[in-house]
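Reader: I have just been handed this one and would like someone to walk me through it. Could we take it step by step?

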Amino acid sequence: MRYRVGEAAALLGVSDDTVRRWVDAGRLGSTRTASGRHEIDGVDLARLAQELAEEQTAADPDRARRSVRNRLRGIVTRVVRDGVMAQVEIQAGPFRVVSLISREAADELGLEPGVVAVASVKATNVAVEHVERP
């Protein structure tokens, strides 16, 4: 999956200009379309999302202790499947959300690193939705 600069910026919670600077500095890889626009690979974007979250947590160790509820839109950074279950990790801004869902559900949703997803949090249950792009 590939993302435009604006989409990548929204997923990372930064400005389009920040994403362009990261591309120019080599922190985030991109390719150019025929029209000259940057496209960011979803796996590279997921990697950077994890790095940014780790940097933010290191700068504010209490951040990891705060609770977040409701819908958290982010990028899938890891999916571990076994025979019956799948562990899905989503980086939603500075928040890492981990959900255990059935392998069948993960397969049906097409969850892989780089895919945009929403974690819906209700108490200790987390449901994951694959967000279709227009």
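**A walk through the model**

Author: A good place to start is glutamate 51, which is partly exposed, with a relative accessible area of 27%. Please keep in mind throughout that this is a predicted model.

Reader: OK, and which side chain does glutamate 51 meet in a salt bridge?

Author: The side chain of glutamate 51 forms a salt bridge with that of arginine 27, at 3.9 Å from N to O. Glutamate 51 sits in helix H3, whereas arginine 27 belongs to the loop between H2 and strand E2 (31-32), so the pair ties together parts that are 24 residues apart in sequence.

Reader: Is arginine 27 buried, exposed or partly exposed, and why?

Author: Arginine 27 counts as partly exposed because its relative accessibility is 26%, and that class lies between the limits of 20% and 50%.

Reader: What network does this pair belong to?

Author: Through salt bridges that share partners, Arg27 and Glu51 are joined with Arg47 and Glu55 into one network.

Reader: How many salt bridges turn up in the whole structure?

Author: A search of the whole structure finds 12 salt bridges. One of them is formed by the side chains of arginine 2 and aspartate 41, at 3.4 Å from N to O. That pair links distant parts of the chain, with arginine 2 in strand E1 (residues 2-4) and aspartate 41 in strand E3 (residues 38-41), 39 residues apart. Arginine 2 is partly exposed, with a relative accessible area of 30%, and aspartate 41 is also partly exposed, at 23%.

Reader: Which residue pairs with aspartate 107?

Author: Aspartate 107 and arginine 81 meet through their side chains in a salt bridge of 2.6 Å, N to O. Since aspartate 107 lies in helix H4 and arginine 81 in strand E4 (residues 70-81), the pair ties together parts that are 26 residues apart in sequence. Aspartate 107 is partly exposed, with a relative accessible area of 40%, and arginine 81 counts as partly exposed at 23%.

Reader: Staying with H4, where is arginine 103, and what does it touch?

Author: Arginine 103 is in helix H4, which covers residues 103-109. Leaving aside residues up to four places away in sequence, arginine 103 touches Arg81, Asp82, Gly83, Val84, Met85 and Ala86. A polar atom of the arginine 103 side chain lies 2.9 Å from the backbone oxygen of aspartate 82. As for glycine 83, its C-alpha atom is separated from that of arginine 103 by 7.2 Å, although the two residues are 20 residues apart along the chain.

Reader: Changing topic, how many residues are in the largest nonpolar core?

Author: The largest nonpolar core has 18 residues, and those with the most contacts inside it are Leu12, Val19, Leu28, Ile40 and Leu45. At least two residues of this core come from each of helix H1 (5-12), helix H2 (16-25) and helix H3 (42-59). There is also a second, separate core of 16 residues, which includes Leu72, Val76, Ala86 and Ala119.

Reader: And which residues does leucine 28 touch?

Author: Not counting residues up to four places away in sequence, leucine 28 touches Val19, Trp22, Val23, Ile40, Asp44, Leu45, Arg47 and Leu48.

Reader: Last thing, which elements have the lowest and the highest mean pLDDT?

Author: Strand E8 (residues 125-130) has the lowest mean pLDDT among the elements of the protein chain, at 79, and H4 the highest, at 97. The chain averages a pLDDT of 87, and 88% of the residues score at least 70. Where pLDDT is low, the predicted coordinates should not be read in detail.

How values were computed:
Residues are numbered from 1 along each chain as its sequence is written. This is a predicted model: local features need pLDDT of at least 70, side-chain atom pairs count only at pLDDT 80 or more; totals for chains, interfaces and linings use all residues. Side-chain values use heavy atoms; hydrogens and water are left out. Helices (H or I, at least four residues) and strands (E, at least two) are DSSP runs, numbered from the N terminus. Contact means heavy atoms within 4.5 Å. A polar contact is a pair of N or O atoms within 3.5 Å; within protein, one must be able to donate a hydrogen and the other to accept it, and residues adjacent in sequence count only if both atoms are side-chain atoms. pLDDT is the predictor's confidence in each residue, from 0 to 100. A nonpolar core is a set of buried Ala, Val, Leu, Ile, Met, Phe, Trp, Tyr and Cys residues joined through side-chain atoms within 4.5 Å. Buried means under 20% relative accessible area, exposed over 50%, partly exposed in between (1.4 Å probe, protein chains only). A salt bridge is a side-chain nitrogen of Lys or Arg within 4 Å of a carboxyl oxygen of Asp or Glu.
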